[in-house]
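Trainee: I would like to go through this model by asking about its contacts and its fold. Please give the reasoning before the result each time.

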Amino acid sequence: MALMILALGLILSLQAVTQARHAAAMAWEIRRAHTLLTHLMESAPRSFDELRGDSDGFAWRVQVQLTGAERPVEVCRRSTTLTNVRSGRTYAAATLETCPPADPA
């Protein structure tokens, strides 16, 4: 009987450790995604060209699109999307900002 109680305690402890590892890995992934999103939103060139790349285990994309709103200044929506290569989770951030100057054609 005592052996059964010890075995049950060990099984429950191992499950708790597995769940804690999973939670820690998820928190670390979210932290890395937040850091990369912030970096890309602040440093990626402001242009209408779509930018793509890979960094720190994430595939990323930065886009700038016209909002189409009637304002004295053109306003664009700048969005950044990350996809974790291993887990497949997607993270995104967006902001409204003054549109970059149009390329003279």
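Trainee: Which residues are linked with R78 in a network of salt bridges?

Mentor: This is a predicted model. The side chains of E97 and R46 meet in a salt bridge, with 3.8 Å from N to O, inside the 4 Å cut-off for such a pair. R78 belongs to the network too, and its partners there are R46 and E97.

Trainee: How many residues apart are E97 and R46 in the chain?

Mentor: Their salt bridge has an N to O distance of 3.8 Å. The pair links distant parts of the chain, with E97 in strand 4 and R46 in the loop between helix 1 and strand 1. Their separation in sequence is 51 residues.

Trainee: Is E97 buried or exposed?

Mentor: Leaving aside neighbours within four places in sequence, E97 is in contact with R46, E74, V75, C76 and R78. Its partner R46 is partly exposed at 42% relative accessible area. E97 has a relative accessible area of 18%. The cut-off for burial is under 20%, so E97 counts as buried.

Trainee: How many salt bridges does the count come to?

Mentor: The pair E97 and R46 is a salt bridge. E29 and R89 also meet through their side chains, at 3.0 Å from N to O. R32 forms a salt bridge with D56. The count comes to five.

Trainee: Where do E29 and R89 lie, and how many residues apart are they?

Mentor: Their side chains meet in a salt bridge at 3.0 Å, N to O. E29 lies in helix 1 and R89 in the loop between strand 3 and strand 4, so the pair links distant parts of the chain. E29 is buried at 7% relative accessible area, while R89 is partly exposed at 29%. In sequence the two are apart by 60 residues.

Trainee: Which parts does the salt bridge of R32 and D56 tie together?

Mentor: The closest N and O atoms of R32 and D56 are 3.0 Å apart. R32 lies in helix 1 and D56 in a loop, so the pair ties together parts that are 24 residues apart in sequence. R32 counts as buried at 19% relative accessibility, and D56 is partly exposed at 47%. The parts tied together are helix 1 and the loop between strand 1 and strand 2.

Trainee: What is the phi of D56?

Mentor: Most residues other than glycine have a negative phi. D56 departs from that, with a positive value in a residue other than glycine. It sits in the hairpin of strand 1 and strand 2, which has two residues between the strands. Its phi is near 55 degrees.

Trainee: Which residue in the turn between strand 3 and strand 4 has a positive phi?

Mentor: Strand 3 and strand 4 form a hairpin with five residues between them. The positive phi in this turn is about 80 degrees. The residue is G88.

Trainee: Which strands stand at the edges of the sheet?

Mentor: Four strands form an open sheet in the order 1-2-3-4, with antiparallel pairing. Strand 1 (51-55) and strand 4 (90-98) each have a single partner strand, so one side of each is left without a neighbour in the sheet. Neighbouring strands are turned by 15 degrees against each other on average, direction ignored. The edge strands are strand 1 and strand 4.

Trainee: How many bridges join strand 1 to strand 2?

Mentor: The two strands run antiparallel, strand 2 covering residues 58-66. Among the bridge partners, L51 has V62 and R52 has R61. Nine bridges join strand 2 to strand 3, and nine join strand 3 to strand 4. For strand 1 and strand 2 the number is five.

Trainee: At what angle does helix 1 run to strand 3?

Mentor: Helix 1 (residues 2-43) lies across strand 1, strand 2, strand 3 (75-84) and strand 4. Strand 3 is mostly covered, with seven of its ten residues buried. The angle between helix 1 and strand 3 is about 150 degrees.

Trainee: Which residues form a nonpolar patch on the surface?

Mentor: I5 lies in helix 1 and is exposed, with a relative accessible area of 58%. The patch that includes I5 has about 420 Å² of accessible area together. Its members are M1, M4 and I5.

Terms used: Residues are numbered from 1 along each chain as its sequence is written. This is a predicted model: local features need pLDDT of at least 70, side-chain atom pairs count only at pLDDT 80 or more; totals for chains, interfaces and linings use all residues. Side-chain values use heavy atoms; hydrogens and water are left out. Two strands pair if DSSP finds at least two bridges between them. Axes are lines fitted to C-alpha atoms, for helices over the stretch in contact, and angles run from 0 to 180 degrees between N-to-C directions. Contact means heavy atoms within 4.5 Å. Patches are made of residues with over 30% relative accessible area and no salt bridge: like charges are joined within 9 Å, nonpolar side chains (Val, Leu, Ile, Met, Phe, Trp, Tyr) within 5 Å. Accessible areas come from the Shrake-Rupley method with a 1.4 Å probe; for residues, only the protein chains shown count as cover. Buried means under 20% relative accessible area, exposed over 50%, partly exposed in between (1.4 Å probe, protein chains only).
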